[in-house]
Amino acid sequence: MSEESGFRRRTFLAATGAATLSGLAGCSGMLGSNSSTDDRPGIGDFRGSGAIVQDRPAPGGESIEDLPDLEGELSIYLGGGEGGRYVTLIDLLNEYYDDFSATQQTQSSSQLANNIVTEYENDTMQADVFWSIDAGSLAYVASNGATRTLSSGTRDPVLSEQFTTEHWVGLAGRSRAVPYNTNQFSESDIPDSVDAFTTADRFQGTLGWAPTYGAFRGFVTAMRQLRGDEATREWLTSMRDQTPTRYRSEYQAVSEGITNGEVGAGLTNHYYPMLVFADRPDAPLDLAFTQNDASSLVNTAGASVLKGADDPELAELYIRHLLSAEAQEFLATRGFAFPMIDGVDPVGPLPSIAELSPPEIDLQSLSDVQPTVKLLKDVGILS
């Protein structure tokens, strides 16, 4: 990473100013000023609102207008709704086409993945598309033979080979990050390595984590893949000895706990503190990234076509729509995700994925969660 982009690796929220993120979590009204003129949703309907997107250029990439029309009915297993944003995107695409309707059933990604494999084995598949919040669940379904091979036309728009396979494509990237309270810590207090959190006295009793949360388990699974079980056990034990505060989630618990000064720093996905900051632009909250360890892991939400799909061509065309310029702009500006296609930039001061320093890891290995759960129980972090 260059010196010029270093501030983006370490910290960025404070540099944006209070006004830039204010209102970004909201949604523009249907058929707003940038909407299309034929009563279809336009880019103003897909794009988020707030000062940070006012001067944002039109997104690049393949537009919905350049794709074949969606016609027919589609059933989606939706693994995680990201606060309802994914459902909103489904509704926008439904509104865009008169002769198309997609419905969704929403549960956790891991639960749906298990259901899909069971349905596949019993020849009772109930959905056409699996849209998951994490690559591990996609990999689990694919490894059990329940997905169809995707065409190169669907896979090619994805920028990095890390975020696509023959059986699924990434839709919205996310990085692990370290939010911190600026009243308690300065930028220089936040280390570049996840190991330093287990040894530095300044973090004793002032860290927050959510060990029952799926994103945290994915992080620990990544550490197991990178370091092995024994080294991960040592890290978890040392972190436990720092007496971190336990929260139920990384969004409305860890991130808000940091903002409220209950703890000084924590381990979360990058977009959770940004969502809090969008609602509270004067919050003493900032964000840093570690380098080349599990705490800088970049994961992705993604989608696959299931073998039970009634119309596999329609299901794959739908995934191409999720990689369109409009859909990627939606995911970037409403959910702070890292876009998966060229021509759509991350929001405001967020770095691009290329500017981060994630570890090299096969995202499909993140499906190996059960040993992670056992390890967390053995260490006494989970009951």
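Start at the second largest pocket, whose lining residues divide into 11 nonpolar, 3 polar and 2 charged. Here Ala, Val, Leu, Ile, Met, Phe, Trp, Tyr, Cys and Pro count as nonpolar, Asp, Glu, Lys and Arg as charged, and the others, Gly among them, as polar. The model is predicted: local features need pLDDT of at least 70, side-chain atom pairs count only at pLDDT 80 or more, and totals for chains, interfaces and linings use all residues. Residues are numbered from 1 along each chain as its sequence is written, and side-chain values use heavy atoms, leaving out hydrogens and water.

Select L159, P339, S352, I353 and A354. Of the 16 residues lining this second largest pocket, these lie nearest its centre. The space in the pocket is about 210 Å³. On a 1 Å grid over the protein atoms alone, a pocket is an open set of points with protein on both sides within 12 Å along at least five of seven lines; a cavity is a set where a 1.4 Å probe fits but cannot get out; lining residues have an atom within 4 Å of a point. Grid points are joined across faces, edges and corners, and a volume is the space filled by probe spheres set on the points.

Next, the largest pocket. Select S110, I133, D134, G214 and A215, which lie nearest its centre among 42 lining residues. Its volume is about 1,000 Å³. Helix 9 supplies the largest share of the lining, 5 residues. Helices (H or I, at least four residues) and strands (E, at least two) are DSSP runs, numbered from the N terminus.

Stay on helix 9 (residues 214-227) and add helix 10 (residues 229-241): their axes come within 7 Å and cross at roughly 135°. Axes are lines fitted to C-alpha atoms, for helices over the stretch in contact, and angles run from 0 to 180 degrees between N-to-C directions. The two helices are therefore oblique to each other. Angles under 35 degrees count as roughly parallel, over 145 as roughly antiparallel, 65 to 115 as roughly perpendicular and the rest as oblique.

Now go inside. The structure holds 2 cavities of 30 Å³ or more. The largest has about 100 Å³ of space. Select its lining, including E82, R85, Y86 and I133. Strand 4 gives the most to this lining, with 3 residues.

Finish at the second largest cavity, of about 30 Å³. Select F197, L207, G208, W209, M239, P244, G266 and L267, which line this cavity. None of these lining residues is charged.
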